[in-house]
Amino acid sequence: MGSSQSNDSETVARDSDVFAGIPSTRIPLKIYQEPDVYAAELQRIFYGPTWNYVGLEAEVPNEGDFRRTFIGEREVLMVRKAGGSVSVIENRCAHRGSQICQAQFGNTGSSLTCPYHQWTYDFDGKLLGMPYRRGIKGKGGMPADFDMAAHSLTSLRTTLLNGVIFASFHPDPPSFADYLGDKMMHYFTRVFDGRPLRLVGYQRQVIDCNWKLQMENLKDPYHAGILHLFLVSFGYFRLDQKSACYVDDSKGHSVLMTERGSEEGNEDTGGVNIADPDFTLSDQTLVQPRKEFPDDVTLAIQTLFPTLIIQAQTNTLATRYVIPKGPRSHELVWTFFGYEDDDEGMTTARLRQANLMGAAGYVTLDDAEALEFSQQGLEGAAEDATAVLEIGGKGAESNDHLVTESLIRGFYIRYRDIMGFERVT
Amino acid sequence: MDSAEKSANPASSDVQRRVDGLQLQYIHSIDDGPLDHWPGFFTDQCLYTIIARDNVERGQDLGVMRFESAAMLRDRATATQHAAVFAPRTIRHILSTSLLDRVDANGIHARTNVAIYQTSPDGDTNLLVTAQYRDWIVDTGGELKFREKRVVYDTFRLPDSVVYPL
């Protein structure tokens, strides 16, 4: 895999450290724009000792099925092997670097063949052969000392847990269990409980802002009862609902959750207008949840460092995967799913409630728009301009409320650490 | 019916004119507004969905919008106008004439190609999607309405958000 691994202990020189002297409550706006910072993120985070989401096992049910996706800017294939396991290999021919599979999905039989010169690989990336290896009538062909074994496709470290596949370009990532920690594993296995999953469908959108702004938005419950006029006007979200947010020990992962119907009946909404009596849905079926988890949580949003969001909002279950596209853009891939044992009513509920989510979602439409406002606003800011993160204090702890930016502060503790920037003191 | 028969039949050219007229009125209700008129193009029980072509091909029903009644469409129109935050934009639909696949007692099944452009507050115009309307149209007391309108879009990496119906 070349020389792309980062060295976690290696820190950047102070004069090029954009975080030098920056407290936990500030973020330099440069990190959302600078090509050098972005290039370092690819190496140190995306190709570094992290676990990156690849997909759901249910997307490649049969031997030879593949799905094409990205980790950072490198294309990878998730392929179902004979015997049932799934491998993740880079979609780049060892010959001349050509892309091997062009389709998003497909079935490639029992091997992978590059269309350019038909070099052929097995599903672990091992080079099986190429045309004219011995030349024609003794002329041409590969030299006798060509080492087939040294020309495999890059094969990634892979973890499969309860139907979800993660991979790492790093040769020695931490164990997945250690990477998540107990608290995050609890919420991960709340949704991915081992039942076989069923795909409901995809949405993809390109949002023109830095990838970190997307992750921050899912660690920012402060905006939820303010920006999302649909939830506020129709009375579906109040900051005084029973709620909590959690960070893990590394501070890079998080969960935020609320329980619906748990408002305490007080009117202390912090000055935000709520529940306009003029607004009632004329068709309520859109927001009628079916209980499906043992607890009373109706919204749980988990983020896993670096770029996975797991959404369980009433009955809409989805992964949202963030693919960076340069410092100023990213692609957001929504994979909506349910369980193999869903009845027809549950499938209908998931399809209906998906109106709240995605590129046209009653809720998330606002997010994509606000994120682009953010990028537009920070472009060309002064060299030393910073964002301010003081809602809920200065720390990065878990809370039993949502009026806090502590999860974002936590993300930057993890980020500064893995990037080799000055640590938060 | 084959196309030769269709063009020779004055009744079917009348249907063609009525369907093309319906589609034009429909797109102008979105492009020129007000959006409150948009739900009126549908029967009370209906299906309106905006769905990626690759989901359709894989047999998955998930859409970016999916509404099953005119009431749900009215809710969407209300929310878009009063309970959503987005940058102002102009939408412009460019339509083909409709291909009538089937005309019978149950109504009209038609396919119509559409390119939809979006203009930002800064004045940049970009393609939002190319798509195909796959419609089931019924005659309700002399007025054509959509019983089903499936907006099947090719542009599966949507640029930013889909604010207005398509």
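The paragraphs below lead through a predicted model, beginning with one strand of chain A, passing to salt bridges within the chains, and ending where chain B touches chain A.

A convenient starting point is strand E14 of chain A, residues 254-259, which is mostly covered, since six of its six residues are buried. Ser254(A), Leu256(A) and Thr258(A) point one way from the strand, while Val255(A), Met257(A) and Glu259(A) point the other way, and the residues of both sets are buried. E14(A) pairs in the antiparallel sense with strand E13 of chain A, residues 243-247, over five bridges, and within this pairing Leu256(A) is the bridge partner of Cys245(A). The hairpin formed by E13(A) and E14(A) has six residues between its strands, and in that hairpin Lys251(A) takes a positive phi near 75°. E14(A) also pairs in the antiparallel sense with strand E15 of chain A, residues 297-304, over six bridges, where Val255(A) stands opposite Gln302(A).

From backbone pairing we turn to charged side chains, for which the structure holds 32 salt bridges over all chains. In one of them, Arg195(A) meets Asp341(A), with the closest N and O atoms 3.5 Å apart. Arg195(A) lies in the loop between helix H2 (176-191) and strand E12 (197-207) of chain A, and Asp341(A) lies in the loop between strand E18 (330-339) and helix H6 (344-353) of that chain, so the pair ties together parts that are 146 residues apart in sequence. Arg195(A) is partly exposed, at 27% relative accessible area, whereas Asp341(A), at 53%, is exposed.

Chain B holds a salt bridge between Arg18(B) and Asp139(B), at 3.3 Å from N to O. This pair, too, links distant parts of its chain, with Arg18(B) in helix H2 (residues 10-31) and Asp139(B) in strand E6 (residues 125-140) of chain B, 121 residues apart. Arg18(B) counts as partly exposed at 32% relative accessibility, and Asp139(B) counts as partly exposed at 44%. Back in chain A, salt bridges that share partners join Arg74(A), Glu90(A) and Arg92(A) into one network. Within it, the closest N and O atoms of Arg92(A) and Glu90(A) are 3.2 Å apart; Glu90(A) is buried, with a relative accessible area of 3%, while Arg92(A), at 40%, is partly exposed.

The last region is the one between the chains, where 33 residues of chain B are in contact with 41 residues of chain A. The area buried between chain B and chain A is about 3300 Å², of which carbon and sulfur atoms give 56%. On the side of chain B, Leu62(B), Val85(B) and Asp160(B) lose the most area to chain A, together 21% of what that side buries.

Polar interactions also cross between the chains: the count is 21 residue pairs in polar contact, both residues being at pLDDT 80 or more, and there are three salt bridges, one of which joins Glu68(B) to Arg352(A) with the closest N and O atoms 2.8 Å apart. The elements that give two or more residues to the side of chain B that touches chain A are strand E2 (65-69), helix H4 (70-82) and strand E8 (157-159) of chain B, and the largest share, seven residues, comes from H4(B). By type, the residues of that side divide into 17 nonpolar, seven polar and nine charged. Strand pairing crosses between the chains as well, for E12(A) and E8(B) pair in the parallel sense over three bridges, with Leu158(B) as the bridge partner of Gln205(A).

Note on methods: Residues numbered from 1 in each chain as written. Chains lettered and ligands numbered in written order. Predicted model: local features only at pLDDT ≥ 70, side-chain atom pairs only at ≥ 80, totals over all residues. Heavy atoms only, no water. Buried < 20%, exposed > 50% of the residue type's maximum accessible area, 1.4 Å probe, protein only. Helix = DSSP H or I, 4+ residues; strand = E, 2+ residues; numbered from the N terminus. Pairing = 2+ DSSP bridges. Salt bridge = Lys/Arg side-chain N within 4 Å of Asp/Glu carboxyl O. Contact = heavy atoms within 4.5 Å. Buried area = accessible area lost by both parts, 1.4 Å probe. Polar contact = N/O pair within 3.5 Å; in protein donor to acceptor, adjacent residues only side chain to side chain. Nonpolar A, V, L, I, M, F, W, Y, C, P; charged D, E, K, R; others polar.
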